[in-house]
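Hi,

Here is the model I promised to pass on. Have a look at it first, and my notes follow underneath.

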Protein chains: 4
Amino acid sequence: MAYLLSDHQYGKAESRMVRIYRDTARHEIRDLNVTTALRGDFAEAYLSGSQAAVLPTDTQKNTAFSYTKEKGVATIEQYGLELARHFVSEIEPVSGARIEIEEFLWERAVIDGVEHDHTWLRKGQEVRTAAITVDATGEYVIAGLKDLIILKSTGSEFAGFLVDGYTTLPETHDRVMATALDVKWRYAAADGGDVVGGVDWDGIYASAKAIMVKEFATLQSLALQQTLWHMGTAVLDAHPEIVEIKLKAPNKHHFDYDIARFGVEQKGEVFHADDRPYGLIEATIAREDAPAAHDAWKFSAGLA
Amino acid sequence: MAYLLSDHQYGKAESRMVRIYRDTARHEIRDLNVTTALRGDFAEAYLSGSQAAVLPTDTQKNTAFSYTKEKGVATIEQYGLELARHFVSEIEPVSGARIEIEEFLWERAVIDGVEHDHTWLRKGQEVRTAAITVDATGEYVIAGLKDLIILKSTGSEFAGFLVDGYTTLPETHDRVMATALDVKWRYAAADGGDVVGGVDWDGIYASAKAIMVKEFATLQSLALQQTLWHMGTAVLDAHPEIVEIKLKAPNKHHFDYDIARFGVEQKGEVFHADDRPYGLIEATIAREDAPAAHDAWKFSAGLA
Amino acid sequence: MAYLLSDHQYGKAESRMVRIYRDTARHEIRDLNVTTALRGDFAEAYLSGSQAAVLPTDTQKNTAFSYTKEKGVATIEQYGLELARHFVSEIEPVSGARIEIEEFLWERAVIDGVEHDHTWLRKGQEVRTAAITVDATGEYVIAGLKDLIILKSTGSEFAGFLVDGYTTLPETHDRVMATALDVKWRYAAADGGDVVGGVDWDGIYASAKAIMVKEFATLQSLALQQTLWHMGTAVLDAHPEIVEIKLKAPNKHHFDYDIARFGVEQKGEVFHADDRPYGLIEATIAREDAPAAHDAWKFSAGLA
Amino acid sequence: MAYLLSDHQYGKAESRMVRIYRDTARHEIRDLNVTTALRGDFAEAYLSGSQAAVLPTDTQKNTAFSYTKEKGVATIEQYGLELARHFVSEIEPVSGARIEIEEFLWERAVIDGVEHDHTWLRKGQEVRTAAITVDATGEYVIAGLKDLIILKSTGSEFAGFLVDGYTTLPETHDRVMATALDVKWRYAAADGGDVVGGVDWDGIYASAKAIMVKEFATLQSLALQQTLWHMGTAVLDAHPEIVEIKLKAPNKHHFDYDIARFGVEQKGEVFHADDRPYGLIEATIAREDAPAAHDAWKFSAGLA
């Protein structure tokens, strides 16, 4: 019986790097968690233990750090593309490179009403993400965000659902809806083509986030599914560069706490924010003519 | 422009349930973290917000709890199959069900040399896992373990690797090798067939774990890749019921601490156990004639 | 030999509660993690197992939830005082009550430039805290914040330190300094008196935070100790109501990454943000005439 | 107005170190998380920023690593005492040293029924701890364990408790009781004396753990308080070297899941293991003639 080494990759996960721009007195900061993974013909490392084709994960890490200076980090999408291209073009056994990045956001400290030149505070829970793949089929950029914690205290219903013998949930037409959004969108790329030319990574990121927050806030929600659909399609409507979007949203339950038992008026003001379990809704929305994704959605350890 | 709702599922993630068997004075315990996810035609929940086809995640949770009594938890594989089949066969809009389970292991407290009837201590870091899929194409059982933390203090080398301008890692022929194993193996199932008949879930779990630990310990390792290959193929050699195995292993680096600087003899005895970054090796090994996996490897939130 | 039950308390830890104010279309939100602990003569619960004097922790939880409506949550300090007083005055065996609160902060979603009435995004990493003690010696309010993650990319030195045979650290006159501030300050209270009268809890919180951020940013730091001293004394200078302040600051190391090895210019722009170990500086600064703290600093599980 | 720097310490927290003994083919392993904190006259570091008296935390870390070889780690108590004495006796400005240690436990891999010489699996969740203080008043050793997760499925009651208007909890005479024990015990030390002479650190650790597990299992529990009292006094009864013991036990609630709603027999077999909130019981038991603890219980960041 023969065995197939059917799917494999290796790399360095979660290199925590901070890049400071300090060419002027007003510094800039980029705070990253970078994972690299290489794909290619590394079968001998498994079969015979030979490392002759294996670029050490330590080397991948060194390169990732050095590239924050050599190529800079204008955006994580640009940086990730540069790094992925390097591995594929410069390291002979590598046929595909995957770079996954979390970016932690900072805002300038405001001192006496003025933004400070070189002091920052961590901003929000939200993490900006990028997942770049470069291989023989082309270049793929998936941008996104995760841990965007958002809550609305009304404007959400859940009723008319399917009922069976295990169903005890009451219907509601006014509930708290809260989630920690995890959204990733894929940019168009002609097969074998280059996605980079002229994409405004920062602008689209800001726009996509604003659109999703607006839909979440303003839609009278009949279900989290409906809200996600509106968020996703609104992003696709606004940005033709985006061909596919995946949304994952835990339904962070806020249960009405029964204070009527204590003779206290109960009208939807006191909630227990429960940890587990949580509902989980996952959906992918794509343009009908979206080009093939190939391995673009094949995650490593950095993101999932 | 039309959009496609191309891939979607919903369910209740991470219901933490404990099932006690107390029919005799000697109790038994099963400690589970259960995630359910349903697949099917739920497009209207997205498009119009209608929940008419949607079995609430709360109902899924109720069913999962009740089934620990109704069907019991002889093994997580058997329990997961029963639960998945229920959703597919009893709930009309459901065409596929996915059940993901973590099982936390306990061992009996030993009091004055005797195992106690109803007191347990949590055992190890290791978590036993199962991921069951039932849909129109058949039934699929993936068993596994994660967080099996294992370390060897010699018998591991890393040398002869590819070198480029970013490579600074020295070669070594004697290092600490440590990982937190995450392994999942898929059982054979004829298309549309039933995997359950006669599989010894507990026995194969114990055997697969023992085989992997033995390979890790006894192979003179030239690379973590080689160790994984030996672990995976040894499991396939021993268990014809298993057709495919995925291994994910973070290389938990233990760096030699330079105590020679302080005039202290340095000979591989003092290590810094670093948190991040870590190497990460991922590989899938399959039999040449393995049946198609269909959606068996499509994970929800419970496992990844 | 007799044993003393010398120090004991019990309560309900980490009740996660969300209070919505929805009297007008513009809702308000308070998101809390509340821990209660009761002190008193509960010896019989230990010695004989009698629960006659024990108010269940479940009851404490119910009370804490109900009080968010009965008394409201104008501030966590006011809410905590009301709750603590209730337990001491209404529950006979209770001689002292301790309430510890974490408040998670939200900011309104901004839709098309306008703040939304009932949708919020979680704000920052920073958590506002309060620890209230009411007992026979008086009422004590400790306010504070934790996980305020702050970083400066210059303006920090570390040199001229004590050197011994284990010292290998080079001196530096320009480094990144980063920390996750955990600061708690105690308000004045005459013995047996009432601290509440007229204290502007929200105003002082905002002011103390602004003062500390300013000191962190603007002081040329010779050591984290010096920075903490300036932060703490500046708060005491500005707010006579505060009599004592405790500061705990992990030194989150950012190590210069050696990219000169790769022929790349190295001038303090690329850093490895290490996880562990970290330096840890802890200091308490008090007014000379600060009243006794009694049990005010005796923490339960909510904060530490 | 003058301010007092009333309480301060600094050090290096959470150095993760692994010490391998490899003098013979059968290796031994010690896996530690070490925190050092120094106390003394470091006021100038705060007031003027002068570091002349400050031994860098980096140096403390170097020393801690080197001492695992120089002095060895026969036990964490012995190692911690050596390290604390070093700082107090060799570093002039240091008047007190605090060493806090977590030890992660491993067990040998068993291959074909035989313990392996150099491969281990991580053992249990339990962490062994030590907190050593050496200062002008003497030497203090606190040993302990944490995260010992223990559960009994019967033999636990909770009834006859105090009831008020917020009490809704039903009485029970048969419930699941589970906790994650955090226990620390202080060894006797004559003031200014040396605790080390002849104490069997490993033997007492094993004995104390076995005693506590036995009491937890065999006592018909009327309350967690009563169980803790029996555990603590049983340890004091057995070990005259121990003068004081602190027990902290979260009541990890297991709620009966209502499956009778689904027509399924409900008799205490199906439980929801809830995350938060949890009851929390804390108690200290001391011998009447226990010597003064001075700063022995003043924790740094390693333990709490």
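**Notes on the model**

B:Pro277 sits in the loop between β10 (270-273) and β11 (278-287) of chain B (helices, H or I, of at least four residues and strands, E, of at least two are DSSP runs, numbered from the N terminus). The peptide bond that leads into B:Pro277 from B:Arg276 is cis, with omega near -10 degrees. Chain A has a cis bond too, joining A:Arg276 and A:Pro277, with omega about -10 degrees. There, A:Pro277 is placed in the loop between β9 (270-273) and β10 (278-287) of chain A, so mind the strand numbers when you go from one chain to the other.

Before the rest, some housekeeping. This is a predicted model, in which local features need pLDDT of at least 70 and side-chain atom pairs count only at pLDDT 80 or more, while totals for chains, interfaces and linings use all residues. Residues are numbered from 1 along each chain as its sequence is written, chains are lettered from A and ligands numbered from 1 in the order in which they are written, and side-chain values use heavy atoms, with hydrogens and water left out.

**How the copies are related**

Chain C goes onto chain A by a turn of 180 degrees and a shift of 0.0 Å along the axis, with an RMSD of 0.0 Å (a least-squares fit on the C-alpha atoms of residues with pLDDT of at least 70 in both copies). The two copies are therefore related as by a two-fold rotation axis. The same surface serves both of them, as 100% of the contact residues of chain C recur in chain A (contact means heavy atoms within 4.5 Å). If you want to find the axis on screen, go to C:Gly124: of the residues of chain C, its C-alpha comes closest, at 1.7 Å.

Chain B superposes on chain A as well, by a rotation of 180 degrees with 0.0 Å of shift along its axis and an RMSD of 0.0 Å. Here too the same surface serves both copies, and 100% of the contact residues of chain B recur in chain A.

**Chain C against chain A**

In this interface, 56 residues of chain C are in contact with 56 residues of chain A. About 5,200 Å² is buried between the two chains, and carbon and sulfur atoms give 58% of that (buried area is the accessible area, with a 1.4 Å probe, that two parts lose on being put together, summed over both). On the chain C side, C:Arg22, C:Lys69 and C:Glu269 lose the most area to chain A, together 12% of what that side buries.

There are twelve salt bridges between chain C and chain A (a side-chain nitrogen of Lys or Arg within 4 Å of a carboxyl oxygen of Asp or Glu). A:Asp112 and C:Lys214 meet in a salt bridge, at 2.8 Å from N to O. The rule also finds 26 residue pairs in polar contact across this interface, both residues at pLDDT 80 or more (a pair of N or O atoms within 3.5 Å; within protein, one must be able to donate a hydrogen and the other to accept it, and residues adjacent in sequence count only if both atoms are side-chain atoms).

Which element gives the largest share of the chain C side? That is β4(C), with nine residues. By class, the chain C side has 24 nonpolar, 15 polar and 17 charged residues (Ala, Val, Leu, Ile, Met, Phe, Trp, Tyr, Cys and Pro count as nonpolar, Asp, Glu, Lys and Arg as charged, and the others, Gly among them, as polar).

One backbone detail in chain C: C:Asp112, in the loop between β3 and β4, has a positive phi near 50 degrees although it is not glycine.

**Inside chain A**

The domain assignment, automatic or from a database, gives domain 1 (1-136) and domain 2 (147-304) of chain A. Their centres, taken over C-alpha atoms, are 27 Å apart. In chain A, 26 residues of domain 1 are in contact with 19 residues of domain 2, and the two domains bury about 1,900 Å² between them, 51% of it on carbon and sulfur atoms. A:Glu100, A:Glu126 and A:Arg128 supply 28% of the area that domain 1 buries against domain 2, more than any other three residues.

Three salt bridges are counted between these domains. A:Arg128 also forms a salt bridge with A:Asp202, with the closest N and O atoms 2.9 Å apart.
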